[in-house]
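Colleague: I should be grateful for a close look at a single part of this model. Please describe the salt bridges, and explain each term as it arises.

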Amino acid sequence: FVDEGGHLLAGVDPEVRELIDPIGEGKPGMLWIFAAAQAWSHDPLAPARATSALAGLVTAAAIGVTLFVFSGPAAALIGLGLWALFPYAVFHERLALLDPFVACFTACALAAAALASAPGSTAKRLLLAALAGALLGAACAVKITGLLTLLWLALGYVLLQRRFAQPLWDRRCLAFGTGFLAPLLPFAGSLQHLGERLSQRNLLPAAGAHGVLASVATGIAGHLSSYLRWTFGYGGWPLALLIAAAVAAALLSRERRGLGFAAAWLLSLALAGAVYHQAYARYTLADHVPFVIFLGAALALPFSADAPRLRISYAAALTVAALAWFRVDWQIARTPQLAPIPADEIAQYLTGPWSGAGSEDVTQLLVQRATHDHVSIVVFTQRFAKPGAYALMLAARRTSGFTVVPATFDSPLAVGAMKAAVARARKILGPRLAVFVLAEGPFLDEAATLQNAGVRTTTVLNHIRPDGISGFALLECDPVTM
């Protein structure tokens with residue numbers, strides 16, 4: 001996926017870092033979140049995805065801690081297991097994205113707040129409150145939109161205070177605020193520029209013909225249905241079964257335990273709809289933490305009741321749902337393109353224009369050509385922000401078969417610069433040089449630009465996406481004209 005390439009290369013390639021601008025994108029922590037994976041400079045993608053999966057395990061554990069404090073061990077076990085199996089989380093935590101880390105840090109922040117709300121010494125509770133603030137600050141440093149989780153964190157804090165009959169305002173709030181600032185101090189000199197590019201990229205709402213409020217209301221109405229569709233698209237009928245059972249259990253209990261977290265989840269989705277101009281399922285991964293806490297707290301209620309048949313029924317429902325989700329998770333791990341998850345998510349990450357589908361064929365062809373023909377290879381790609389360009393740049397780090405040169409294809413002057421680069425490459429690498437251009441869909445302007453500049457090309461590979469549109473076209477340039 002294109003964002004994976006950007007996240008990994010920004011830490012090791014100054015040009016990519018300058019283009020992405022982590023501060024302007026509101027992602028200053030992007031440069032260190034995958035630092036360990038970047039130590040494997042030859043192939044950082046696999047360890048980066050493993051790091052993301054590890055963050056998911058920590059998220060599940062944090063949910064378990066919160067539920068243990070809030071509702072007891074049964075709820076903790078249920079909530080931990082649900083997050084570990086929830087296909088929504090499993091799918092996104094297999095990618096080298098920032099959103100799993102936002103979910104991880106905010107879930108840990110709520111767990112620390114839960115421990116700070118439980119009985120204990122004043123010093124311990126103040127320290128835990130400061131830790132909760134620092135974890136939220138870390139989430140915002142990874143991605144500034146982590147600040148949106150403050151809504152459900154605040155509501156969760158209120159529910160925890162009511163659970164233990166604690167005041168809503170005391171020194172713990174000051175400790176939380178102090179802790180929140182600590183992770184942001186390294187970026188203090190550039191905080192004024194934090195996130196300034198988000199509006200330029202049309203990611204935030206803008207004043208339309210009827211004003212900002214009307215735009216926000218339209219966003220809530222339009223995006224909330226998308227977020228819910230994605231939630232149920234990943235969860236399927238097992239999720240509907242669990243929600244029905246959880247709501248019934250909560251309504252039949254005197255405490256209505258867990259319903260407050262369900263409200264926090266829905267309000268968070270509405271807030272995401274108001275803030276984000278463009279909706280993507282990964283944006284609300286962290287907002288599903290209170291949702292799973294609601295399910296865990298409510299579904300555990302029958303297990304403390306003196307009703308054996310009810311306990312058996314709920315145990316059966318949990319088992320059936322868990323087995324169904326495990327089947328989906330297994331498909332996500334083995335054949336994600338065929339998994340029963342939302343089709344637009346499969347297109348977004350696996351088969352569509354922003355996925356790297358087909359880039360493996362390009363890499364294999366280039367390596368074979370360099371090996372069999374004993375030639376040096378230079379590949380011109382679009383200048384970043386494209387999955388094929390990032391995929392080849394990552395592949396070039398683990399093989400010496402070819403060199404990737406990011407370029408622009410907007411005018412014959414750009415082709416002149418490419419010809420000058422080829423001339424320099426022949427002096428360095430020798431006369432046996434093959435030159436390729438990777439054209440990326442859906443609009444393949446590169447071939448026309450090269451033709452207009454007098455460069456003859458031959459299409460040696462054309463990867464057609466499932467929608468019938470060319471995703472990657474590898475063009476070999478005639479050495480006489482290049």
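Modeller: The following account takes the salt bridges pair by pair.

The model is predicted, so local features need a pLDDT of at least 70 and side-chain atom pairs count only at pLDDT 80 or more, while totals for chains, interfaces and linings use all residues. Residues are numbered from 1 along each chain as its sequence is written, and side-chain values use heavy atoms, with hydrogens and water left out.

A salt bridge is here a side-chain nitrogen of Lys or Arg within 4 Å of a carboxyl oxygen of Asp or Glu. By this rule, the structure contains 8 salt bridges.

One of them joins Lys143 to Asp99, with 2.8 Å between the closest N and O atoms. These partners belong to distant parts of the chain, being 44 residues apart. Asp99 is in helix 8 (residues 99–117), whereas Lys143 is in the loop between helix 9 (122–142) and helix 10 (150–163). Helices (H or I, at least four residues) and strands (E, at least two) are DSSP runs, numbered from the N terminus. To describe how far a residue is covered, the word buried is used for under 20% relative accessible area, exposed for over 50%, and partly exposed for values in between (1.4 Å probe, protein chains only). Lys143 counts as buried because its relative accessibility is 10%, and Asp99 counts as buried at 7%.

A second example is the pair Arg172 and Asp170, whose side chains meet at 2.9 Å, N to O. Here the two partners fall into separate classes of accessibility: Arg172 is buried, with a relative accessible area of 6%, and Asp170 is partly exposed, with 22%.

A third salt bridge is formed by Arg369 and Glu476, and its closest N and O atoms lie 2.9 Å apart. Arg369 belongs to helix 17 (residues 359–373) and Glu476 to strand 5 (residues 470–477), so this contact ties together parts of the chain that are 107 residues apart in sequence. With a relative accessible area of 24%, Arg369 is partly exposed; Glu476, with 18%, is buried. This pair also belongs to a network, in which salt bridges that share partners join Arg369, Asp373 and Glu476.

In summary, the Lys143 and Asp99 pair links distant parts of the chain, and the Arg369 and Glu476 pair connects a helix with a strand.
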